[in-house]
Every structure is written in C-alpha cells, then in structure tokens.
Amino acid sequence: MVKSALWVALLLSALAGCSRSNVESQEAVKRGVVRDISKNVNIDAMDVNVVSVVFRDKEADAVVSFAPKGGSASQGMTMSYTLARQGDDWHIVKRAQADVQRHAGQSAAPQLDPQQLPPGHPK
C-alpha cells in the first residue's frame with residue numbers, strides 16, 4: 001500500500017514537471033501573444049514568430065517579430081514584451097517602450113506615439 005502511494009506521488013510530480021515545461025516554451029508564449037494582440041489587431045494578416053524568450057518563474061521576457069503575411073522580414077518589426085503566467089497561459093503585461101526596431105539591420109525606428117498603436121495594444 002505504501003509503495004503504491006509512493007508510485008502515485010512520483011507519477012503526479014513527473015506529470016506536473018511535464019506540464020510546466022509545456023508552458024515554458026516559445027510556442028506557449030506565441031499563443032499568448034497572438035491571443036492578446038488579436039483582440040485589437042488582424043493577426044491573420046501577419047506572420048508572428050517568437051525570436052527569443054527568457055523565463056523567470058511566472059514571468060517571461062519575449063522578443064516577437066511581426067511581418068505582413070507572405071512578406072519579407074525586412075517589412076516587419078520586432079517588439080519586446082513582458083508576459084505573466086496565469087495557470088497554463090501567458091498574458092502580455094507590458095511592451096518595451098523603446099524597442100520598436102525594423103528587421104534587416106536598420107537602426108531603431110522613430111518613437112511611436114501611443115495613439116498610433118492599435119486600440120487596446122499594451123503600452
């Protein structure tokens with residue numbers, strides 16, 4: 001009986017570890033960014049890719065590239081986001097203010113007026 005309880009406990013802790021690693025992935029972060037951005041932007045018209053992500057417990061810093069669907073990377077931009085984990089989902093909590101850059105090695109783009117961002121976009 002004690003051995004059975006021990007095996008069940010080990011199995012549950014192994015499954016919990018697997019669940020966490022699925023949440024701490026670029027794909028999980030991408031789902032969160034797409035979900036949050038698509039509330040106010042036509043995300044179907046864009047190619048969205050997570051360039052990099054750093055996980056810190058229940059927070060993550062992600063660099064995400066956006067380009068017109070079927071367009072080249074040079075037509076897009078890169079944004080940095082801080083996300084918070086809520087359960088098994090990631091949600092955008094803020095966007096880096098001075099991190100709007102164009103692809104293809106161009107210098108930083110001009111500062112965007114918050115009124116130029118799509119309505120509801122995290123500032």
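Is F55 buried, exposed or partly exposed? In this predicted model, F55 has a relative accessible area of 24% and is therefore partly exposed. This residue makes a good starting point, since its ring belongs to an aromatic pair.

A pair of aromatic rings is described by the distance of the centres and the angle of the planes. The structure contains two aromatic pairs. In one of them, the ring centres of F55 and W90 lie 5.6 Å apart, and the planes meet at 45°, so this pair is tilted. The contact brings together distant parts of the chain: F55 sits in strand β1 (residues 46-56) and W90 in strand β4 (residues 89-95), with 35 residues separating the two in sequence. While F55 is partly exposed, W90 counts as buried because its relative accessibility is 1%.

The pair formed by F66 and Y81 is edge-to-face, with 6.4 Å from centre to centre and 80° between the planes. Here too, distant parts of the chain are linked: F66 belongs to strand β2 (residues 59-68), and Y81, 15 residues away, belongs to strand β3 (residues 77-86). Both F66 and Y81 are buried.

The residues of this edge-to-face pair appear again in the interior. In soluble globular proteins, nonpolar side chains tend to be buried together. In this model, the largest nonpolar core is made of 19 residues. Those with the most contacts inside the core are V29, V33, V64, F66, Y81 and L83. Helix and strands both take part: α2 (26-37), β1, β2, β3 and β4 are the elements that give two or more residues to the core.

Two of these elements, β3 and β4, also pair with each other. The strands run antiparallel and are joined by six bridges. Looking along the pairing, one finds A84 opposite H91, the latter in β4. Two residues lie between the strands of this hairpin, and G87 in the hairpin adopts a positive phi near 70°.

What about charged side chains? The model holds six salt bridges, among them R56 with D61, K69 with D47, and R35 with D36. Between D61 and R56, the closest N and O atoms are 2.4 Å apart. D61 has a relative accessibility of 31% and therefore counts as partly exposed. R56 is also partly exposed, at 35% relative accessible area.

In the salt bridge of K69 with D47, the closest N and O atoms are 3.7 Å apart. K69 is found in the loop between β2 and β3, whereas D47 is in strand β1, so the salt bridge ties together parts that are 22 residues apart in sequence. D47 is partly exposed, with 28% relative accessibility.

For R35 and D36, the closest N and O atoms are 3.3 Å apart. The surroundings of these partners can be compared by their accessibility: R35, at 28%, counts as partly exposed, but D36, at 12%, counts as buried because buried means under 20% relative accessible area. The link between R35 and D36 does not stand alone, as salt bridges that share partners join R35, D36 and K39 into one network.

How values were computed. Residues numbered from 1 in each chain as written. Heavy atoms only, no water. Phe/Tyr/Trp six-rings, centres within 6.5 Å; stacked < 30°, edge-to-face > 60°. Helix = DSSP H or I, 4+ residues; strand = E, 2+ residues; numbered from the N terminus. Buried < 20%, exposed > 50% of the residue type's maximum accessible area, 1.4 Å probe, protein only. Core = buried A, V, L, I, M, F, W, Y, C linked by side-chain atoms within 4.5 Å. Pairing = 2+ DSSP bridges. Salt bridge = Lys/Arg side-chain N within 4 Å of Asp/Glu carboxyl O.
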